[in-house]
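User: I would like a close look at one part of this model, the charged side chains. Start from a single residue and work outwards, please.

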Amino acid sequence: MEFPYTRPRRLRVSSAVRSMVQETRLNVNDFIYPIFVCSGNGVKNPIESMPGIFQLSIDEAKKEAKEAYDLGIKSVILFGIPEHKDEIGSEAYSEDGIIARAINEIKSYLPDLVVIADACFCEYTSHGHCGIIDKKGKLLNDPTLELLKKEAYVYAKMGADIIAPSGMIDGMVRAIRESLDSNSFEDVSVMSYSAKYSSSFYGPFRDAAESAPAFGDRKTYQMDYHNAQEAIKEVILDVNEGADYIMVKPALAYLDVIRIVKDKFPYLPLVSYNVSGEYAMVKAAAKMGWIDEENIMMEILTAIKRAGTDIIITYFSKDAARILNK
Ligand code: PBG
């Protein structure tokens, strides 16, 4: 295509003009805020590698959710830190487990807040893997699906609006959809962590959720970061199984994957997870005085959206909302 000669700088002459011609605009509606819930009362444990983020007891988690909600954030995603872990992660699907109670209390307190329940087992198993394992440590796919069905049912019963399976177990979306539909939870959505990579960027999260695997790694279930096209296959399967939302995770080192997925599946809301390591790097460099934290944060979040993301899960939600609300 040939363009008549023009001067691109005419569209950059002033801040008003620049705002008019912006292709991508961040909005508070774009954010999902993660909250880590632990037992006890009045507990607010700082997570060292994630400044500004805490393990919160349910009463404190309610306050945190309210603060986010008052800033205009529409949704939170909850992660539980159980008191007891076992081989089969039974607290994950117990009706009086930490996360079931947290969903129930937060949803009753803030009925209009969209409450997303992360559905996995790594926080609840003594071995720290995302499902049931055999004696050799191999993750057993289909037996794990049975537990996921129970887990999804319990979270929906407690009031979760969206179930977000994050374990990269084959068939997880179908299993959860079946469990929800057969229990009359047709209106509860599934947000699948469709293309979740095995990533070192999850390090700080594992401190926060106390969910590091006791041995081995997650490479037999999470994706290999050398692959981008494979993400298409993962998403096709999830869409066919009935996912309402699809996800790419992490975000920043995976902008190409976000773009590929958005181009192939423009009709589904695409979520990207701006993960703990991405957050920690910005916080650490800012603390050293090496970067401008606010500007870098806004640039990163905008880039994630520009790549094709509709909704961003980010620990920066409250900070970014404060800037956008100014
Ligand atoms: C649980 C889960 C993880 C994250 C979200 N859900 C950890 C993992 O897979 O090891 C990571 C989020 C982050 O790093 O912010 N399966």
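In which segment is the place of Arg7? Take that residue as the starting point, then go on to the salt bridges, the cysteines and the backbone.

Analyst: Arg7 sits in the segment before helix H1, which spans 15-20. Keep in mind that this is a predicted model. Arg7 is exposed, and its relative accessible area is 51%. Arg7 has company: together with Arg9, Arg10 and Arg12, Arg7 makes up a positive surface patch. Patch members must have over 30% relative accessible area and no salt bridge. Arg7, at 51%, is therefore past that area cut-off.

Now to the charges that do pair. Side chains of opposite charge can pair when their charged atoms come close. The structure holds 18 salt bridges. Three of them serve as examples here.

Take Lys283 and Glu293. Their salt bridge has its closest N and O atoms 2.6 Å apart. Lys283 belongs to helix H9 (residues 276-287) and Glu293 to helix H10 (residues 293-306), so the pair ties together parts that are 10 residues apart in sequence. The two partners also differ in exposure class. Lys283 counts as buried, at 13% relative accessibility. Glu293 is partly exposed, at 25%.

Next, Arg322 and Asp319. This salt bridge brings the closest N and O atoms to 3.3 Å. Both residues are in helix H11 (residues 317-325); they are three residues apart, so about one helical turn separates them. Arg322 is partly exposed, with a relative accessible area of 38%. Asp319 is partly exposed too, with 25%.

These two pairs belong to a wider arrangement. A network of salt bridges links Glu64, Glu67, Lys283, Glu293, Lys318, Asp319 and Arg322. Read along that list, and the pair from helices H9 and H10 appears together with the pair from helix H11.

Lys149 and Glu146 give a further case. Their side chains meet in a salt bridge, at 3.7 Å from N to O. Helix H4 (residues 141-157) carries both, and they are three residues apart, so the separation is about one helical turn. Lys149 counts as partly exposed, at 23% relative accessibility. Glu146 is also partly exposed, at 46%.

One more acidic residue deserves a stop, for its surroundings in the fold. Glu48 lies in the loop between strand S2 (44-46) and strand S3 (54-57). Glu48 counts as exposed, with 80% relative accessibility. Along the chain, Glu48 and Ala280 are 232 residues apart, yet their C-alpha atoms are separated by 9.5 Å. Ala280 falls within the span of helix H9, residues 276-287.

On to the cysteines. A disulfide is a covalent bond between the sulfur atoms of two cysteines. The cut-off applied here is a pair of sulfur atoms within 2.5 Å. By this rule the count comes to zero disulfides. Cys38 is in none, and the nearest cysteine sulfur, in Cys122, is 16 Å away. Cys38 is buried, with a relative accessible area of 7%. Cys130 is another case. The closest cysteine sulfur to that of Cys130 is in Cys120, at 3.6 Å, which is too far for a bond. Cys130 counts as buried, at 1% relative accessibility.

Last, the backbone. Three places can be picked out, and each is in a loop.

The peptide bond from Lys249 to Pro250 is cis, with omega near -10 degrees. Pro250 is placed in the loop between strand S8 (245-249) and helix H8 (255-264).

Met168 has a phi near 55 degrees, a positive value in a residue other than glycine. Its place is the loop between strand S6 (162-165) and helix H5 (172-182). Met168 counts as buried, at 6% relative accessibility.

Glu210 is not a glycine either, but has a positive phi of about 50 degrees. The loop that holds Glu210 runs between helix H6 (203-209) and helix H7 (230-241). Glu210 is partly exposed, with a relative accessible area of 42%.

To return to the start: Arg7 is exposed and forms a positive surface patch with Arg9, Arg10 and Arg12. Lys283, by contrast, counts as buried and forms a salt bridge with Glu293.

Technical notes. Residues numbered from 1 in each chain as written. Predicted model: local features only at pLDDT ≥ 70, side-chain atom pairs only at ≥ 80, totals over all residues. Heavy atoms only, no water. Patch = residues over 30% accessible without salt bridge, like charges linked within 9 Å, V, L, I, M, F, W, Y side chains within 5 Å. Areas by Shrake-Rupley, 256 points an atom, 1.4 Å probe, with all protein chains shown as cover. Salt bridge = Lys/Arg side-chain N within 4 Å of Asp/Glu carboxyl O. Lys, Arg positive; Asp, Glu negative; His and termini not counted. Charge placed at Lys NZ, Arg CZ, Asp CG, Glu CD. Helix = DSSP H or I, 4+ residues; strand = E, 2+ residues; numbered from the N terminus. Buried < 20%, exposed > 50% of the residue type's maximum accessible area, 1.4 Å probe, protein only.
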